[in-house]
Amino acid sequence: MADITRRLGWRHLRGAPTAHIRHHRSGTLVHDGPGLSFWFRSLTAALSEVPVDDRELAMTFHARTADFQDVAVQATVTYRVSDPAVAAARLDFSIDPDTGAWRGAPLEQLGTLLTETAQQHALDVLARTPLAEALVDGVTSVRERVAAGLAAEPRLPATGIEIVAVRVVALRPEPEVERALRTPAREQIQQEADRATYERRAVAVERERTIAENELASKIELARREEQLVDQRGTNARREAEENAAADKVRAEAEATRTVRLARAEAAAAREVGEARAEAQAAWLRVHADVDVTTLHALTGTRLAENLPRIDSLTVSPDVLTGLLARLGASE
């Protein structure tokens, strides 16, 4: 929108570089061009402001495919006013000399023209395309058809309009149809996810089985080694017992041999002692064989006295002495 200020009945207009200003005074074109700045009188001035920058027009419309399915088309058309004089002559771009606002709605008229033209070509191509094919390749085909149709539309150059670009954002079916179309893909994705889950679980089970087998193999190996250890311990104990028994046998034999030898030595010593005593006794008897009885009695008394305990005092009564003397006399 142009910037207009007031000064003592005069008006000053200052336009933007992207706005083409046309100033007519009393039917004569006085100023014509973008980014102008000038003074004018409002009673004799007719002003038009035509935007010459690139503008984007977003549009959404519904179409029906070859299999009678409704789809929503979202597109954007970029355009510019290439001939401001023609556009100002075909559309009402006049502005209020006091406020600078458009008196009409030229951009809305232009948007309606572009939308209807683009919609016509989009409907034409979608009416011969099934829904499945339209959802796959419809964006490209619709964009190409709309761009070609707008380029070939004679009303646009006659209005001073140039199409810069055409973009089709999306083709969307109705929500129920879209959900129905998504179901197989979702089921397939779910199946893939379930298969991945099952495979992951299978791998986990296989790993657990491998771990269990390894643990079992370890236990079996441990048991086998424990069995070997028990056998080795039994062998060692048996060998130790045999060695102890052999050692005990050797010790017993040595002890028995020593005992036998000791007994034999003692027997020999006893025999020698007995023989010596016998020889001594025989010699004693041979010595005393020719001795008279009185002498033997005296020796016997002497030997008896030697073997008797010590007697500190002895009292002999006359009766005892008389009897003893009597026996001695009788023995003679």
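Here is a short, friendly tour of this predicted model, set out as numbered points.

1. **The overall picture.** Let us begin with the whole chain. The protein contains seven helices and ten strands. Of its 332 residues, 23% are buried. When contacts between residues at least 6 apart in sequence are considered, 64% of them connect residues at least 24 apart. The exposed area comes to about 23,100 Å², with carbon and sulfur atoms supplying 54% of it.

2. **Helix α2.** This helix runs over residues 106–126, and its 21 residues reach 30 Å from the first C-alpha to the last, close to the 30 Å expected at 1.5 Å a residue. Its buried residues include P106, L110, L113, L114, A118, H121 and L126. What do the buried residues of α2 pack against? Their partners are the strands β7, β8 and β10 (161–173), together with the helices α3 and α4 (155–158).

3. **Helix α3 and its kink.** Now compare α3, which covers residues 131–152. A straight helix of 22 residues would span 32 Å, yet α3 spans only 27 Å between its end C-alpha atoms. Where in α3 is the kink centred? The place to look is D137, where the kink is about 75 degrees. Buried residues of α3 are found at L131, A134, G138, V142, V146, G149 and L150.

4. **A nonpolar patch with a residue from α3.** V136 belongs to helix α3. It counts as exposed because its relative accessible area is 66%, and the cut-off for exposed is over 50%. Together with L135 and L181, V136 makes a nonpolar surface patch of about 260 Å².

5. **T65, a buried loop residue.** The loop between β7 (55–64) and β8 (70–81) holds T65. Is T65 buried or exposed? With a relative accessibility of 3%, T65 is buried. Beyond its neighbours within four places in sequence, T65 contacts V71, L126, A127, T129, P130, L131 and A134. Among these partners, L126 is one of the buried residues of α2, while L131 and A134 are buried residues of α3.

6. **F68, in the loop between β7 and β8.** F68 is also placed in the loop between β7 and β8, but F68 is exposed, at 65% relative accessibility. Its backbone deserves a look: phi is positive, about 60 degrees, although F68 is not a glycine. Most residues other than glycine have a negative phi.

7. **L8, another positive phi.** L8 sits in the loop between β1 (3–7) and β2 (10–14). L8 is not a glycine, yet its phi is positive at about 50 degrees. A relative accessible area of 90% makes L8 exposed.

8. **A16 and its distant partner.** You will find A16 in the loop between β2 and β3 (19–25), where A16 is partly exposed at 32% relative accessibility. How many residues apart in sequence are A16 and G35? They are 19 residues apart, while their C-alpha atoms lie 4.7 Å from each other in space. Setting aside residues up to four places away in sequence, A16 touches P34 and G35.

9. **T78 in strand β8.** Strand β8 includes T78, which is buried, with a relative accessible area of 7%. Outside its neighbours within four places in sequence, T78 is in contact with D54, R55, E56, I163, V164, A165 and R167.

10. **Salt bridges.** The structure has 18 salt bridges. One of them joins D53 and R55 at 3.3 Å, N to O; D53 is partly exposed at 26%, and R55 is partly exposed at 29%. Another links D70 with R64, the closest N and O atoms being 3.1 Å apart. D70 is partly exposed at 26%, as is R64 at 47%. D54, R80 and E162 are joined in a network of salt bridges.

11. **A salt bridge within helix α5.** E192 and R195 meet through their side chains at 2.2 Å, N to O. Both belong to helix α5 (residues 175–288), and because they are three residues apart, about one helical turn separates them. An α-helix has 3.6 residues a turn, so residues three or four places apart point the same way. E192 is partly exposed at 39%, and R195 is partly exposed at 37%.

Terms used: Residues numbered from 1 in each chain as written. Predicted model: local features only at pLDDT ≥ 70, side-chain atom pairs only at ≥ 80, totals over all residues. Heavy atoms only, no water. Helix = DSSP H or I, 4+ residues; strand = E, 2+ residues; numbered from the N terminus. Buried < 20%, exposed > 50% of the residue type's maximum accessible area, 1.4 Å probe, protein only. Contact = heavy atoms within 4.5 Å. Expected span 1.5 Å × (residues − 1). Bend = angle between axes of the 7 residues up to and from the residue. Patch = residues over 30% accessible without salt bridge, like charges linked within 9 Å, V, L, I, M, F, W, Y side chains within 5 Å. Areas by Shrake-Rupley, 256 points an atom, 1.4 Å probe, with all protein chains shown as cover. Salt bridge = Lys/Arg side-chain N within 4 Å of Asp/Glu carboxyl O.
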